[in-house]
Amino acid sequence: MKNSFKLLLVLTAAVCFAGCDNFLDQPPVGGTLTQEQYDQLSNRLEGSMRGVYSMLYATGGANHDVFGQRSIDMYGDLLCGDMALTDESYGWFSYDERQLTRANRSGYLWSYYYGMLRNINMVLATIKTQTTLLSNIEKYGMPNKGLSVVDGEGKVIYHYDENDSISGIYYAEALTMRGFVYSNLVRFFVPTVDHLFQAGYNLTNYPCFPMYNEDNMNDGAQPLAMLNEVYKLIDKDLTTAIAFYDAFAQQYEGSSKLEVDINVARGILAYFYLNRAREFGMTSSDPLLAEPMRKALKYADDAINAHKHEIIPNSTVLTNGFNNIQDKSWMWGQDVTVETTGGLASFQGHVDIHSYSYAWVGGTKAIDKGLYEELPSWDIRKKWFNDGTANQTYALCPDKKFFSAKNPNSTATDNIDREWLSDNVFMRIELMHLIAAEACYFLDNLDSAAMYLTNITDQRIDPEVETAAADYATYKTSLSTDKAKFAEALILNWRVELWGEGYGLQTFRRLTSHLYKHKNEKTGKTEEKVRRGANHSFSPGSEISYDDETTYTMQIPASETNYNPHLDD
């Protein structure tokens with residue numbers, strides 16, 4: 001149904017690293033197209049969507065810490081301290097280890113997401129203006145029996161053809177990716193609700209960033225949108241995408257997991273609602289807390305109950321290597337090939353000590369030592385991280401979580417993998433269970449919260465630890481009887497299960513700063529603070545201050561403020 005036209009990929013991959021409005025207004029340079037040029041392309045919908053997807057792994061040339069979404073994932077995990085850069089000698093990611101991400105990464109995040117947005121809006125504009133799909137839906141409604149619109153008496157009112165179906169699928173994909181873009185802009189460029197309220201803002205009067213859609217993308221610079229307007233667009237885009245997938249893609253299997261589908265849309269929407277502004281101290285009856293939590297639970301549950309993906313079983317926790325897109329837990333990811341590998345400029349090129357990488361030669365990215373020590377002895381995930389007994393250079397690196405399928409064990413020069421073909425994961429089903437667990441916790445349903453969380457931890461018991469089964473049984477019982485213990489377990493599982501997958505910063509901003517208690521390695525006392533572990537190359541043992549929100553919220557870059565007449569300096 002959707003044949004590959006790879007030549008269009010080069011033409012339509014809008015990988016532009018300038019300010020978003022400048023990018024939107026300028027004549028085409030290199031891979032950037034005007035709407036007029038784009039409209040003249042054959043098979044333009046597929047070409048442009050492939051351009052959107054290609055940005056997920058686009059590299060930054062000589063900059064080996066710029067390689068699309070997985071580099072952004074690393075920025076966040078390093079910024080919050082859950083990932084430690086143990087040696088800064090190569091320079092890459094030093095900004096993030098030193099908590100200077102805001103000053104040095106904001107421009108890249110801005111251009112990355114707004115560049116992706118440009119291509120997405122081209123797809124939506126083309127479907128809206130150059131196909132009959134949306135006008136027919138407005139006239140006849142969505143198909144409700146195959147591709148037909150059938151009335152209550154079984155009469156076919158209208159039948160959508162295959163071209164309509166293809167357009168409907170691309171429409172759903174584009175809306176999903178726009179929801180992804182805007183939810184990420186909110187995550188990175190909007191302060192937490194605590195800081196918004198402290199500064200005198202609320203959801204209706206906080207101006208966050210310019211909002212572009214298929215109707216205004218060619219109208220020049222836009223003013224800052226209010227946060228609630230962005231919230232409404234994210235919800236509308238993703239719920240509409242889900243409806244279009246349901247109507248047009250029931251019989252369709254994407255050619256790869258790089259193409260977003262109905263469950264990815266559900267996952268993005270569930271995570272968006274989990275992160276939505278609400279005060280931590282609110283009760284479950286408060287609409288500002290309860291409504292987002294109910295929606296987060298609903299969409300996470302829908303993805304789980306689709307039964308297309310499975311939690312990584314205990315038997316393969318230490319052997320799957322997070323290197324193969326065929327893994328049943330992966331909902332969304334990239335199949336890395338010889339043509340698409342970033343080489344050293346890749347996640348694998350920075351974390352895998354079994355590949356020719358910065359990690360292999362000493363620039364290790366490791367789990368924070370304090371976080372590692374929080375893991376109980378029964379938890380097999382402790383073995384994801386090298387204990388350092390054989391070689392201190394690799395202490396606490398993720399050598400059993402992320403490793404090459406070609407060379408899963410050796411660090412010998414003759415065995416090292418020099419192909420960098422490990423696949424990239426963007427979303428897996430464990431995320432849905434964590435979202436559901438947290439949502440139930442905030443809705444005061446501790447039994448259900450414990451059920452979702454233990455769906456994961458039941459598969460994380462170390463069979464080689466003699467007391468593991470008994471210790472885990474005690475732990476499991478406490479989750480549904482002790483709210484404080486559940487909160488600690490929830491946070492630990494967010495930070496460890498998804499370590500290195502890009503969720504650390506939001507976990508810190510959403511939960512850790514409020515709930516996590518830290519054992520001070522020097523004094524032995526438990527503190528209500530978050531501190532960097534002893535293995536960080538920069539400022540080990542120092543407090544990571546939640547109150548300084550400017551550290552964790554990106555700023556609109558100068559390339560935008562200098563160009564956009566609606567923005568003040």
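**Two buried loop residues and the chain around them**

At a relative accessibility of 18%, Trp-420 counts as buried, because the cut-off for buried is under 20% relative accessible area. This residue belongs to a model that is predicted. Trp-420 sits in a loop, with helix H15 (369-374) on one side and strand S8 (424-428) on the other. The phi angle of Trp-420 is near 55°, which is a positive value in a residue other than glycine.

Phe-93 can be read in the same order. Its relative accessible area is 0%, so Phe-93 is buried. The loop that holds Phe-93 runs between strand S1 (83-85) and helix H6 (94-97). Phi is positive here too: for Phe-93, again a residue other than glycine, the angle is near 70°.

Next come the cysteines. A disulfide is a covalent bond between the sulfur atoms of two cysteines. The structure holds zero disulfides. Cys-208 is buried, with a relative accessible area of 4%. Cys-440 is buried as well, and its relative accessible area is 3%.

The last step is to look at the protein chain as a whole. The chain has 21 helices and 10 strands. It consists of 569 residues, and 59% of them count as buried. The area that the protein chain exposes is about 22500 Å², with 49% of it supplied by carbon and sulfur atoms. Contacts can also be sorted by separation along the sequence. Among those between residues at least 6 apart in sequence, 72% join residues at least 24 apart.

Conventions
Residues numbered from 1 in each chain as written. Predicted model: local features only at pLDDT ≥ 70, side-chain atom pairs only at ≥ 80, totals over all residues. Heavy atoms only, no water. Helix = DSSP H or I, 4+ residues; strand = E, 2+ residues; numbered from the N terminus. Buried < 20%, exposed > 50% of the residue type's maximum accessible area, 1.4 Å probe, protein only. Disulfide = S-S within 2.5 Å. Contact = heavy atoms within 4.5 Å. Areas by Shrake-Rupley, 256 points an atom, 1.4 Å probe, with all protein chains shown as cover.
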